[in-house]
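Subject: Structure for your review

Dear colleague,

Please find below the structure that I am handing over to you. My findings follow directly after it, and I would be grateful if you could read them alongside the coordinates.

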Amino acid sequence: MNGPDEQAGRTPEPAGRPTPAKQPEVSGVDLARVALRAAKEQARARGAANQQRNQARRGGGLRSGARSDGRDPLALGSAINRLITERGWETPAAVGGVMGRWPQIVGEDLANHCVPVRYDDDPAERVLTVQCDSTAWATQLRLLAPQLVARLNTDLGHGTVRMIKVLGPGGPQRRFGSLRTPGSRGPGDTYG
C-alpha cells in the first residue's frame, strides 16, 4: 500500500506532530526597514569610535560636562551604603543598628535593665548575647526570647538571629583582706 508520500520518496509525517508554519515572505518595505536599522546601528558604532579617538587625541579620558556621570561625588549615605554592599557587611551593620535602636525594639523598661553585649555572626551560631542587671530581668528576658527573636528577624531578615543568650548580673568583685588601696585590682596589683 503505497501512498502518495511514499511514492515520491518522502517518509510520511507522524500523526500527532503539527506541521511547521510557513514563514511569510518579506516584502520590499520590510527589507528596507531592516537595512535602515542596521545602517543606523553601524553609524552609531562608528560615531562612538570616532568620539573615543578624538578624546584620545585631545589628552585622553573623559571630560567633565554639564551632565552627571559615574565620576560625580556621591552623598555620604549613598557612599556608605555602597561600601557596605561591596564588602558584604549588611548583616553586621543591621545588627549594629539594632543595638542602637534597642529601646525601640524591646521597650523602655526592658532596655533600662537589659543591654545587648555582642552578636556572633558565625552562620552556625548567630547568637545575640544580652546582659541583664538582675536575675528577675534575666528571667523575664528568657521568657520573651522567642518573641524577641521573631521581631529581630522581621527587622533584619530571616535567620539573622537564631538564639538570644541571656547573661545574669555579675557577682561583686573579689576583695581579699580588709585594707584595700583605691583603684587596685586584687592580688596581682601589688605596687601600683
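Asparagine 153 touches His158, Gly159, Thr160 and Val161, leaving aside residues up to four places away in sequence. The model is a predicted one, and these contacts should be read as features of that model. Asparagine 153 itself belongs to helix α7, which covers residues 135-156. With a relative accessible area of 15%, asparagine 153 counts as buried, because the limit for that class is under 20%.

The second finding concerns charge pairing. Side chains of opposite charge can pair when their charged atoms come close. How many salt bridges does a search of the whole structure find? The search returns 1. The partners are arginine 82 and glutamate 86, whose side chains meet at 3.4 Å, N to O. Both residues sit in helix α3 (residues 76-87), where they are 4 residues apart, about one turn of the helix. As to their surroundings, arginine 82 has a relative accessible area of 49% and is therefore partly exposed, since exposed requires over 50%. Glutamate 86, at 55%, is classed as exposed.

The third finding is a patch on the surface. Asp120, Asp121, Asp122 and Glu125 together form a negative surface patch. One of these residues, aspartate 120, lies in strand β1, which comprises residues 114-120. Aspartate 120 is partly exposed, its relative accessible area being 34%. That value fits its place in the patch, because patch residues must have over 30% relative accessible area.

For the chain as a whole, the following may serve as a frame for these local features. The chain holds 7 helices and 3 strands. Read from the N terminus, the order of the elements is α-α-α-α-α-α-β-β-α-β. The chain has 192 residues, of which 17% count as buried; asparagine 153 is one of the buried residues. The accessible surface of the chain amounts to about 15,400 Å², and carbon and sulfur atoms account for 53% of that surface. Where contacts link residues at least 6 apart in sequence, 50% of them join residues at least 24 apart.

In viewing the model, you may wish to begin with asparagine 153 in helix α7, then turn to the salt bridge between arginine 82 and glutamate 86, and finish with the negative patch that includes aspartate 120.

With kind regards

Notes
Residues numbered from 1 in each chain as written. Predicted model: local features only at pLDDT ≥ 70, side-chain atom pairs only at ≥ 80, totals over all residues. Heavy atoms only, no water. Patch = residues over 30% accessible without salt bridge, like charges linked within 9 Å, V, L, I, M, F, W, Y side chains within 5 Å. Areas by Shrake-Rupley, 256 points an atom, 1.4 Å probe, with all protein chains shown as cover. Salt bridge = Lys/Arg side-chain N within 4 Å of Asp/Glu carboxyl O. Lys, Arg positive; Asp, Glu negative; His and termini not counted. Charge placed at Lys NZ, Arg CZ, Asp CG, Glu CD. Helix = DSSP H or I, 4+ residues; strand = E, 2+ residues; numbered from the N terminus. Buried < 20%, exposed > 50% of the residue type's maximum accessible area, 1.4 Å probe, protein only. Contact = heavy atoms within 4.5 Å.
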